[in-house]
Amino acid sequence: MRRWLALLVAATTSVVLIALLVPMALLIRAVAENGAMSRATAAAESVALAPNLSVDQAPLPVTVFLPDGRTTGVPARRSDAVRLAATGRSVTAAVDGGREVLVSAQSPGGTAVVRVFVADAELMRGVPQAWLGLLGLGLALVVLGILLADRLALAVTRPVDGLARVSHRLAGGDLTARAEPGGPPEVRSVALALNRLADRIDDLLAAERESVADLSHRLRTPLTGLRLDAESLRDPEEAARLQARADDLERAVSAVIAEARRRSAGRGSCDATAVVGERVRFWSVLAEDQGREVSVSLPAAPLEVAVGAEDLAACVDALLGNVFAHTPEGTAMAVRLTRRDGGALLAVEDAGPGFGPSMLERGTSGGGSTGLGLDIARRTAESCGGRLAVSSPVGGGARVEVFLTVA
């Protein structure tokens, strides 16, 4: 916007200045020519009125054509204009290199003609300097207009850039981000609306957390009744079996509630180097049993990412689990974690048969599984503002890249 506004102001200012300065430049030239011609006419008349037609004090080149055919002063050709002026007229004519002013004068011997030559340089005296001054003034005004336009554009784009940054932070899960109202009234209105939206999201998440807490109490009541019913059974084995089922159900419900609470409370952060290294060591035992060669590359220093440790561990497990589920035993695999573009890039590669983009669809699998592995990785990446990319290298195999933003 700043660039386009500067170009618009430069174009508009240029058009206005051209419309103003071109007539002014022509006027300056006309004034200079009129001044030179006025000086030449005055010089010719002063010579014509001077005794003995003296030309010694004339400020411009003067030639006097006497009635007897002789000339005094600067040598010049007797042109048609001179013969016309000899009839008693005042004549101005254009000649090579300038103009000549011809004035008739009466002398004892007849009519003499006084010729004053005005060179082109005299006609344009001071004009180039004035034009340069106008050009400098025009350029200065254009630059000043661009600077003012840039300041004005900055006053508009700076709040808009701030709104964009806040929007990206909210999209990445940072619900504490708020916009600072500023700039034109319209931009301030957008900032206030964005802040109200963020507040509304916070309110909805708080209500969700309360609903989750409510849900835990509501579910534990029927579970307690189920446990009491199991204890009242006469058959001890049947009672124990139902009691175990009730315990399993309670643990599952508790896990679901804990996960919902954790997700509604906002995103966390973890050391990706430690989490990825720990999960690779876990899967390396199975890889050794299947004869798989595992190549691991991790940063030497901790790498904090804006994803919780449990979410990142689930993501790594999903990606490595896909390799074991969809490639034959003995297939080599590689896990690499690097810093990339201000974030972290987790890449999992294998030398298996590869897969197409359809594998990204939730519930789609080429090996009879649920097909949720890549979807888990995708949701983990997007929860922190990252992304997931899947490719099949030319040489074969598959490569999954998960880009995570830093905490």
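# Briefing: two sheets and their helices

Strand 1 (residues 62-65) is covered on both faces: Val62 and Val64 are buried on one side, and Thr63 and Phe65 are buried on the other. "Buried" here means under 20% relative accessible area, with exposed set at over 50% and partly exposed in between (1.4 Å probe, protein chains only). That two-sided pattern fits a simple rule: in a regular strand the side chains alternate between the two faces of the sheet.

This is a predicted model, so local features need pLDDT of at least 70 and side-chain atom pairs count only at pLDDT 80 or more, while totals for chains, interfaces and linings use all residues. Residues are numbered from 1 along each chain as its sequence is written, and side-chain values use heavy atoms, with hydrogens and water left out.

**The chain as a whole**

- The protein chain has nine helices and twelve strands; these are DSSP runs numbered from the N terminus, with helices being H or I of at least four residues and strands E of at least two.
- Of its 407 residues, 35% count as buried.
- Take the contacts (heavy atoms within 4.5 Å) between residues at least 6 apart in sequence: 61% of them join residues at least 24 apart.

**The sheet around strand 1**

- Strand 1 belongs to an open sheet of five strands, ordered 2-1-5-4-3, with antiparallel pairing. Two strands count as paired if DSSP finds at least two bridges between them.
- Strand 2 and strand 3 (91-95) sit at the edges with a single partner strand each, so one side of each has no neighbour in the sheet.
- From one strand to the next, the twist averages 25 degrees. For angles like this one, axes are lines fitted to C-alpha atoms (for helices, over the stretch in contact), and values run from 0 to 180 degrees between N-to-C directions.
- On one flank, strand 1 pairs with strand 5 (residues 110-119) in the antiparallel sense over four bridges; Thr63 has Arg115 as its bridge partner there.
- On the other flank, strand 1 and strand 2 (residues 71-73) pair antiparallel over three bridges, and Thr63 is bridged to Gly73 in strand 2.
- Those two strands make a hairpin with five residues between them, and Gly69 in the turn has a positive phi of about 95 degrees.
- Further along, strand 4 (residues 98-107) and strand 5 are joined antiparallel by ten bridges. Glu100 stands opposite Phe117 of strand 5.
- Helix 1 (residues 2-49) lies across strand 1, strand 3, strand 4 and strand 5, and it runs at about 150 degrees to strand 5.

**The other five-stranded sheet**

- An open sheet of five strands also turns up with the order 7-9-10-12-11, and its pairing is mixed.
- Its edges are strand 7 (294-297) and strand 11 (387-391), each of which pairs on one side only.
- The average twist between successive strands is 15 degrees.
- Strand 11 and strand 12 (residues 398-405) run antiparallel and are joined by five bridges; Arg387 is partnered with Phe403 in strand 12.
- Helix 7 (residues 272-289) packs on this sheet, where it touches strand 7, strand 9 (333-340) and strand 10 (343-350), and its direction makes about 175 degrees with that of strand 9.
- Helix 8 (residues 309-326) lies across strand 9, strand 10 and strand 12, running at about 20 degrees to strand 10.

**Two residues to click on**

- Asp311 is in helix 8. With 15% relative accessibility, Asp311 counts as buried.
- The C-alpha atoms of Asp311 and Ala377 are 8.9 Å apart, although 66 residues separate the two along the chain.
- Gly182 sits in the loop between helix 4 and helix 5 (185-231), and at 18% relative accessibility Gly182 is buried.
- Setting aside neighbours within four places in sequence, Gly182 touches Pro159, Val187 and Arg188.
- Pro159 is 23 residues from Gly182 along the chain, and their C-alpha atoms are separated by 5.9 Å.
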